[in-house]
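Q: I am new to this structure and would love a close look at a single part of it. Could you walk me through one helix and then show me what lies around it?

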Amino acid sequence: MRVLIVEDERNLAETLREMLKQNRFDSDICFDGEKGLKYAQEGTYDLIILDVMLPKVNGFTIVERLRNAGVATPILLLTARSSVDDYVHGLDLGADYYLTKPFEMQELMACVRALTRRHGEVVMDKLQFGDLMLNKSTCELFCGDRSIRLGKKEFSIMHLLMMNGNVVVTKEQILDNAWGVDSEAEDNNVEVYISFLRKKLRYLHAETQIETLRKFGYKLQENT
């Protein structure tokens, strides 16, 4: 499970990330609303923890833009405001739950578990593109009767490519998704793992291949 934390209070953001890590959740942090909206729009997260009062773009606007764009990722709003009107406004825009600061970490983790569990119930366990099928529970990639298990980063990259279908995925998007926003990994790390995936596609005798678009990124290509 991967969580996006959009919170400008750096100490709180780092505390949240550490708490999530202890509970086996990977997480990325954005400290302003503009960057948070950018990463949330990629749709690669299982949950977004979102502060309301943010620099550049506030949390309410982020919720509204994400829902208008069709992003269904569960959103947990955090705010120092205790007004009922604010609470109702956030939920009406499309947020899934609302916590008022200060809150207990146990309460937040209970919300995280509930929201990711609910999300998991409605998201299909299998993802298909072309002649490929990715089992998200077992990290296995199938083509016909053949299958192979993917490593963690291989799975993250293939999942991102299959989610985007014929749309080009940039190296930056892959780095953020598979290594994390704060990682020091570089473009050549992506190239190595794309090479690994291509070898596995050859093993599967897959018609679907990973196409390189110079200076842009990668996309899946159905070769029929």
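Which residues are buried in helix H7 (residues 171-178)?

A: Happy to help! A word on the model first: it is predicted. Its pLDDT averages 87 over the protein, and 94% of the residues score at least 70. One stretch to read with care is residues 120-124, where pLDDT stays under 50. For that stretch the model has two contacts beyond four places in sequence.

Now to your helix. In H7, which covers residues 171-178, the buried residues are Ile 174, Leu 175, Asp 176, Asn 177 and Ala 178. Several elements take part in covering them, including the strands S1 (2-6), S2 (26-30) and S11. Helices also contribute to this cover, among them H2 (33-40), H6 (152-164) and H8. Just past the end of H7 comes Gly 180, whose phi is positive, at about 105 degrees.

Let us follow some of those covering elements, beginning with H2. Lys 35 lies in this helix. With a relative accessibility of 35%, Lys 35 counts as partly exposed, because buried means under 20% and exposed means over 50%. Leaving aside neighbours within four places in sequence, Lys 35 is in contact with Cys 30 and Val 181. Cys 30 itself is buried, at 1% relative accessibility. Looking further afield, Lys 35 and Lys 199 are 164 residues apart in sequence, and their C-alpha atoms are 35 Å apart in space.

H8 and S11 lead to another feature, the second largest pocket. Helix H8 (187-203), strand S10 (208-213) and strand S11 (217-222) each give at least two residues to its lining. The largest share comes from H8, with three residues. The pocket has a volume of about 150 Å³. Its lining includes Lys 171, Glu 191, Ile 194 and Arg 198. Also in the lining are Thr 212, Leu 213, Arg 214, Lys 215, Phe 216, Gly 217 and Tyr 218. Sorted by class, the lining has five charged, four nonpolar and two polar residues.

Between H8 and S10 there is a loop, and His 205 lies in it. His 205 has a positive phi of about 60 degrees, although it is not a glycine. At 56% relative accessibility, His 205 counts as exposed.

One of the pocket-lining residues, Leu 213, offers a way to the next stop. Leu 213 and Leu 141 are 72 residues apart in sequence and 23 Å apart in space, C-alpha to C-alpha. Leu 141 sits in strand S8 (residues 140-143) and counts as buried, at 1% relative accessibility. Not counting residues up to four places away in sequence, Leu 141 touches a set of residues that includes Leu 132, Met 133 and Leu 134. Others that Leu 141 touches include Arg 146, Ser 147, Ile 148 and Leu 150. Met 158, Met 162, Leu 201 and Leu 204 are also among its contacts.

The loop between strand S7 (132-135) and S8 holds Cys 139. Phi of Cys 139 is near 65 degrees, a positive value in a residue other than glycine. Cys 139 is partly exposed, with a relative accessible area of 22%. Does a cysteine here find a partner? In general, a disulfide is a covalent bond between the sulfur atoms of two cysteines. For Cys 139, the closest cysteine sulfur is in Cys 143, and it is 18 Å away, too far for a bond, because a disulfide needs the two sulfur atoms within 2.5 Å. The count of disulfides comes to zero.

To finish the tour, here is another strand and a loop with an unusual peptide bond to look up. Thr 79 belongs to strand S4 (residues 75-79) and is buried, with a relative accessible area of 0%. Beyond four places in sequence, Thr 79 touches Asp 51, Val 52, Tyr 98, Leu 99, Thr 100 and Lys 101. Lys 101 is followed by Pro 102, and the peptide bond from Lys 101 to Pro 102 is cis, with omega near -5 degrees. Pro 102 lies in the loop between strand S5 (97-100) and helix H5 (105-122).

Key
Residues are numbered from 1 along each chain as its sequence is written. This is a predicted model: local features need pLDDT of at least 70, side-chain atom pairs count only at pLDDT 80 or more; totals for chains, interfaces and linings use all residues. Side-chain values use heavy atoms; hydrogens and water are left out. Helices (H or I, at least four residues) and strands (E, at least two) are DSSP runs, numbered from the N terminus. Buried means under 20% relative accessible area, exposed over 50%, partly exposed in between (1.4 Å probe, protein chains only). Contact means heavy atoms within 4.5 Å. On a 1 Å grid over the protein atoms alone, a cavity is a set of points where a 1.4 Å probe fits but cannot get out, and a pocket is an open set with protein on both sides within 12 Å along at least five of seven lines; lining residues have an atom within 4 Å of a point. Grid points are joined across faces, edges and corners, and a volume is the space filled by probe spheres set on the points. Ala, Val, Leu, Ile, Met, Phe, Trp, Tyr, Cys and Pro count as nonpolar, Asp, Glu, Lys and Arg as charged, and the others, Gly among them, as polar. pLDDT is the predictor's confidence in each residue, from 0 to 100.
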